[in-house]
Amino acid sequence: MTPQNNASQTRPNPGGVNLIDCSLRDGHQSLLATRMSTEQTLRVLPMLRDSGYSILELWGGATLDSALRFTNDDPFERLDRFCEVLGNPTKGQGGVSIRSLCRGQNLFGYSPYPDNVVVEFLKEAVRSGSNRVRIFDALNDPRNLMTAIMATKTFNGHAEAALSYTTSPVHDTDHFLNFARSAVDSGADSLAIKDMAGLLHPADAFTLIEAIKEAFPDVELTLHSHCTNGLATTTYIVGMLCGVDHLDVCYGPMAGATSQPSAELIAFFAKEMGIELNVDMALAPLIDTELRQIRKELADTDKDPTHIARPWPTEPDSQTRQLIKEAVNLIKRRDRQSLDEAIALIEDQIMVPQGYPPIDRKQLEAQVPGGMLSNLHNQLKEQGKLDLLPQILDEVPRVRKAAGYVPLVTPTSQIVGTQAAFNVIQGSPYSFVSEPFRELLMGKYGRLPGPPDPDVLEKVSRGEPPAFKRPADYIDDIDLAKVHENNAGLIRSHRDLLLLLLFPVPAKQFLTGLQEPVAS
């Protein structure tokens, strides 16, 4: 099943592995509540460009909303400025591909949007320079990817379909293969394993990656994970052994903890295994220095400011090199016991001595992704209720089970996390139910992976039957001309209209601020 791709496949490193840096998107979303400004990102971007990356993840996810709310940046102008540095492949300028993260029918927001809004937004995003779009759905409902894939490809973008990895009684290899098959049949140009909570054990990675590569031998595969549970670095080494095309990484100060594995450490392992990378690591010390400074500037939103790892050396010392060799030998054995020994060796003897935080194994049960944990930490801190975080994390898996074992990724992570917080704060589970949680159980976000708890469903249903159609089928197209007319005093361009549609409150505040005269 080779997709007919109208955007060039990116296999710049045959026989090797292509690193994709996520420091300026997922890195600060996972560690710093997405507070990095446009100006801060531009201090690092030229060095990433000069390191040889063919793809950088720079846009999408929570960055649009946070830019409007917290850094007073126009998300589209940020994209324009990225293209000034990298070029815009959509306009035939060559350059580095800019990947954005799109939540399928939810786009860059939290609820499903009408099809015409999905098409209009992705048209603007692709032609503005984000020519590669990672499209996922929190429920792995293929129906929620169809319009976004079609729109991306229609405007000459590369549509990457990402499966939201999780573990549960209903999530097995066949579940993920069926999702991948539906995505490729819908026109996806490439696939990704999106392990947002860092749950993919290396033993399971061997099974899943090899199954996907066997089923779709000509389709690019990216592996994306987080270090939250101490599995990701070892799992990435498995990915390299199994022939994944791309690995998502971050540089030292933006890596580890709830973020992606370290680019520097992955480079050490690749060299030990004789695997060629696309990236020249000569600029890594300069990139590290700048990211380290930015993280200090954003200390107020830093989830763990005491664990900023020390800069990696350009080459591992003899002790680290021996540990890397031992870890690779253990991983090549493939049995779970050897893989667990490799995990402990990498985490306890390489990562922790480098300054990364020791792993909290409780996260394996909670399955909380990095961005969710970072934001939940900040929200509870602002409310003076940070002491409740352990109880809320204990409640998350119970709420997730009640919701049919939904994967925890935006928006389901926020929905489940918020309901878990209500259950703890109220002292009585589901005595108060948020409207998004109700809609999730009622099928308004898509098909649940497993059946919801019947008692909880009865409590939230209000006697109404669940929804069974594609979520967007319940939503009428929006009259864009009418929205423009109603906001004529604020809207400067079609981009402003789109921002108002996705983020009504923060976009209106942002655009209103642009109208107000600046004090002299």
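**Exercise 1. State which residue follows helix H6 and describe its phi.**

Solution. Helices here are DSSP runs of H or I with at least four residues, numbered from the N terminus. H6 is followed by Gly-129. The phi of Gly-129 is positive, near 130°. The model is predicted: local features need pLDDT of at least 70, side-chain atom pairs count only at pLDDT 80 or more, and totals for chains, interfaces and linings use all residues. Residues are numbered from 1 along each chain as its sequence is written, and side-chain values use heavy atoms, with hydrogens and water left out.

**Exercise 2. Compare the expected span of H6 with the distance between its end C-alpha atoms.**

Solution. Helix H6 covers residues 115-127, which is 13 residues. The expected span is 1.5 Å times one less than the number of residues. For H6 this gives 18 Å, and the end C-alpha atoms are 18 Å apart, so the two values agree.

**Exercise 3. Determine whether Glu-120 is buried or exposed, and identify its contacts.**

Solution. Glu-120 is placed in helix H6. Buried means under 20% relative accessible area, exposed over 50%, and partly exposed in between (1.4 Å probe, protein chains only). Glu-120 has a relative accessible area of 18% and is therefore buried. Other buried residues of H6 include Val-117, Phe-121 and Leu-122. Contact means heavy atoms within 4.5 Å. Leaving aside neighbours within four places in sequence, Glu-120 is in contact with Leu-480, His-494 and Leu-498.

**Exercise 4. Name the residues that touch the most other members of the largest nonpolar core.**

Solution. A nonpolar core is a set of buried Ala, Val, Leu, Ile, Met, Phe, Trp, Tyr and Cys residues joined through side-chain atoms within 4.5 Å. The largest one has 126 residues, and those touching the most other members are Leu-107, Phe-121, Leu-191, Ile-193, Met-240 and Phe-269. Helix H11 (residues 263-273) gives the most to this core, with eight residues. Another core, of 29 residues, lies apart and has Leu-373 and Ile-415 among its members.

**Exercise 5. Classify the crossing of H5 and H22.**

Solution. Axes are lines fitted to C-alpha atoms, for helices over the stretch in contact, and angles run from 0 to 180 degrees between N-to-C directions. The axes of H5 (residues 75-86) and H22 (residues 494-502) come within 9 Å and cross at roughly 125°. Angles under 35 degrees count as roughly parallel, over 145 as roughly antiparallel, 65 to 115 as roughly perpendicular and the rest as oblique. H5 is therefore oblique to H22. In this pair, Pro-75, Phe-76, Glu-77 and Asp-80 of H5 meet Arg-495, Leu-498 and Leu-499 of H22.

Conventions: Helix = DSSP H or I, 4+ residues; strand = E, 2+ residues; numbered from the N terminus.
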